[in-house]
Each structure stands twice: as C-alpha cells, then as structure tokens.
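Hello,

Here is the structure I promised to pass on. Please open it first, then read the notes below.

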Amino acid sequence: MIPVTKPFLPPMEEYTKLLEGVWKRQWLTNMGPLASDLEIRLKEYLNINHLIFVTNGTIALQMAIKALDLTGEIITTPFSFVATTSTIVWEGCTPVFVDIDKDSLCIDPTKIEEAITDKTQAILATHVYGNPCDVDAIDKIAKKYNLKVIYDGAHAFGVKINGKSVFEFGDITTCSLHATKLFHTVEGGFATTNDPELLKKMASIRNFGISGPESFDNLGINGKNSEFHAAMGLVNLRHIDYILERRKDLATYYDKKLINVKAVKPKWNNSATENYPYYVILLESEELLLKIKKGLDDNEIFTRRYFYPSLANTLPYLKTVDLQVTDSIAKRALCLPFYVDLTEEEIDLIARLILRYQNN
Ligand SMILES: Cc1ncc(COP(=O)(O)O)c(C=O)c1O
C-alpha cells in the first residue's frame, strides 16, 4: 500500500529529550518556553519580524479576520481547502468568490476589481500548493480600494518571493503546521504580520482577549498551542533542510518519470522559490483522471483530488456560483503520493501504472 501522504517523524529520542524538560518544569501549555523558543526559531528561519504560534491554521485565519475587524464582504478563492472559506463565514463575513488563474491556480487578480462592492473590506487569497499569488497586483488593488489583505499561506512554508519571505506580504499571512504539511507540529499553525500592533492584538486574541490578571482588551478565543506541539516543531526544524532536499529530489524524479503522461503541472511563480509541499498533476480531462485514480486505487496506491470540488458550488451554507476555470481545474487536479519516505522504486511503479491506465 502506498498512501498519498505520510507525516515526517524525527528520531524519537530527539523528541523525548525535549519532553524531559517539560516534565521537569511541569509547564505544559500557555505560552511555555518551548512555544516561545519555536516562535523565535521560526522567525529566524523564515527571516521575518513578527509571528505567533497558534493551535492550527484555521484558528490563525479566524484570528486574522477578527484582528482586522472585518465584518463585510471578503473576496476569496474557490480553489483552496474549505477552511479558507469556512473561516470567513464563521467570523460572520461574506465570501465573494473570484475565479483563479489557469496556470498558477491562485486567485486571478484581473478579475478581482469587478467583484468589489461598497461592502468589500478585504481579499483573502491562498498561495495554492505553496505557489505564491501575484502579490504585487493584489497589493495594487488593495491600496486603490483601501482593502485589507490576508494570505492563506498554509502550504507556503519556506517560500521566498524575490528573496523575501512569502510571510511578509499582505496585512497578515497564516500558515498551517498540520501533520500532513512539510513542516509540522502535529497540529499547529502561525500568523505573521509586519505590524507590531496587529501582532499584539493577535496575541491578546489568542489568549481569550486577556490583557491582565483582571482585564480584557479584545474579544478573544483559545488559540494557544502546547509545549508538546512546540517540541515537535523544534525538533522538525532541525531536519528542515533534509526534508526540503528530499522532496525536491522526489519531485524531480517524478517529473522525469511522468514526461509522457497527458498532464501538466501548475505554473510556478517565476519570482519565487519552490518548497514542494505536494506533487500535483493537472490531467487532460476528468475522464482520464478518474481512470488513472481508479487504476491506482485497485493497486492500493492512494491519490487525492485536492481541491475538489470547487468551494464555489459545493458548500451547503453558501449560494453556488459557477466559475469556469476553477471548475475545470478542480476536476483535473490529482495529488500523487508524496512524502519524505517515498522511494524512487515506488515512483517507478506509480509512473508505470499511470502510463498503463492512461493508454488502456
Ligand atoms: C489552504 C489551507 N488553508 C487552511 C488550512 C487549515 O489548516 P489546519 O488544518 O492547520 O487548521 C489548510 C489545511 O490543510 C489548508 O490546506
């Protein structure tokens, strides 16, 4: 059996070593020393000034919307994980879907202006599969219409745009550190901003809005993460170079082996570095995708239609909208098995089977 993903696990002794300190201190959560250390190390690694470690990427998005005081319409992408949209609704705002660019698969900035109304307050765009949005075009529109910008950078750990971290763009960028992500803390996430006041506000929101022993300054939530999760992050960060190297090698190997498959890959932003969070192919047709997926399933090789279906016409709590590019892409995008422990021999087998089912 070959799963579509497997979490990276560091040598167990490295993790348990950090837990010895947790047992000694008996400090398990509430911004403990390991959680603070992880924030410092992530800032160093990502070369950014402000970051807060939270429970997961979904809470990070909710906190971003709350911290920016958004209450109206938020322009967003229908080609993302459901949390990008559900958090907007959860926070009492209205998502307005704009179609994606057929090459980058990120929101199409040329279609944003026509969706702006007098209720629009922000743009929430996903760096899809880690591939950065056109941040300059989005920034220009945001400035022109006085809109806030949140980036869902759940997949974008480690990516740089023209040498600058992807987490430095927009008002706030969020990230998921879920076990399936290339860098993870089991469950976890973070939010980044260039604005120290906004960071302060998010730190308060993360801790129920508590400002002192007997005072509150914001409507808050429990967004704190634990020492156990932080320890996993600290240990995994020691292995990040190996993780990125290995994923790059595997992606390059897949590229070679799949050269004759009737599929293309999303077009990467040429100002940005790649971080290889997923190995995704866009097949020529949905029919071909279904044929290949079934063939691989029969051989216990598991793939994932990610993201499918389009968020614009599938959520029971929203009116449906048909957006042609997203609909077409969502029907043809397939994530192949991709994780550090995958072997070249397994890729040989996957590629052989894909070619066999494509040609049958
Ligand atoms: C694009 C995107 N946004 C948000 C999330 C939510 O992150 P989490 O699972 O950490 O809550 C995910 C998680 O997979 C995601 O892929």
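Start with the ligand. In this predicted model, 15 residues surround the ligand, and the nearest of them are Gly57, Thr58, Asp152, Ser176 and Lys181. Three of these have polar contacts worth a look.

- Gly57 uses its backbone: one of its N or O atoms there sits 2.8 Å from a ligand oxygen.
- Ser176 uses its side chain, with a polar atom 2.7 Å from an oxygen of the ligand.
- Lys181 also brings in a polar side-chain atom, at 2.7 Å from a ligand oxygen.

How much of the ligand's accessible area does the protein cover? On its own the ligand has 390 Å² of accessible area, and the protein covers 92% of it.

Next, the sheet with 7 strands. It is open, and its pairing is mixed. Read across, the order is β1-β9-β8-β5-β4-β2-β3. The edges are β1 (51-54) and β3 (94-97), and each of them pairs on one side only. Neighbouring strands are turned against each other by 25 degrees on average, with direction ignored.

Two strands of this sheet deserve a closer view. β5 covers residues 148-152, and β8 covers residues 172-176. They pair in the parallel sense, over 3 bridges. Tyr151 stands opposite Thr173 in β8.

A helix goes with this sheet. Helix α3 (residues 57-67) lies across β1, β2 (73-76), β4 (120-126), β5, β8 and β9 (189-192). Its direction is at about 165 degrees to β8.

Now the second sheet. It is open too, with 3 strands in the order β12-β13-β14 and antiparallel pairing. β12 (263-264) and β14 (333-336) each have a single partner strand, so one side of each has no neighbour in the sheet. β13 and β14 run antiparallel and are joined by 4 bridges. In this pairing, Val280 stands opposite Cys335 in β14. Helix α10 (residues 324-332) lies across β13 and β14, at about 35 degrees to β14.

Then the aromatics. The structure holds 14 aromatic pairs. Why does the pair of Tyr254 and Tyr279 count as stacked? The ring centres are 4.3 Å apart and the planes are at 20 degrees. Planes under 30 degrees apart count as stacked, so this pair qualifies. The pair also links distant parts of the chain, 25 residues apart. Tyr254 is in helix α8 (residues 240-257), while Tyr279 is in strand β13 (residues 279-283).

Last, some backbone points to check on screen. Most residues other than glycine have a negative phi, and most peptide bonds are trans. The following go the other way.

- Val186 is not a glycine, yet its phi is positive, at about 75 degrees. Val186 lies in the loop between β8 and β9.
- The peptide bond from Tyr306 to Phe307 is cis, with omega near 10 degrees. Phe307 has its place in the loop between α9 (286-298) and α10.
- The bond from Tyr308 to Pro309 is a cis peptide bond as well, with omega near -10 degrees. Pro309 is found in the loop between α9 and α10.

Where should you look for the two cis bonds? Go to the loop between α9 and α10, where Phe307 and Pro309 are found.

Best wishes

How values were computed:
Residues are numbered from 1 along each chain as its sequence is written. This is a predicted model: local features need pLDDT of at least 70, side-chain atom pairs count only at pLDDT 80 or more; totals for chains, interfaces and linings use all residues. Side-chain values use heavy atoms; hydrogens and water are left out. Two strands pair if DSSP finds at least two bridges between them. Axes are lines fitted to C-alpha atoms, for helices over the stretch in contact, and angles run from 0 to 180 degrees between N-to-C directions. Contact means heavy atoms within 4.5 Å. A residue is near a molecule or strand if one of its heavy atoms lies within 4 Å of it. A polar contact is a pair of N or O atoms within 3.5 Å; within protein, one must be able to donate a hydrogen and the other to accept it, and residues adjacent in sequence count only if both atoms are side-chain atoms. Accessible areas come from the Shrake-Rupley method with a 1.4 Å probe; for residues, only the protein chains shown count as cover. Rings of Phe, Tyr and Trp (its six-membered ring) pair if their centres lie within 6.5 Å; planes under 30 degrees apart count as stacked, over 60 as edge-to-face and the rest as tilted.
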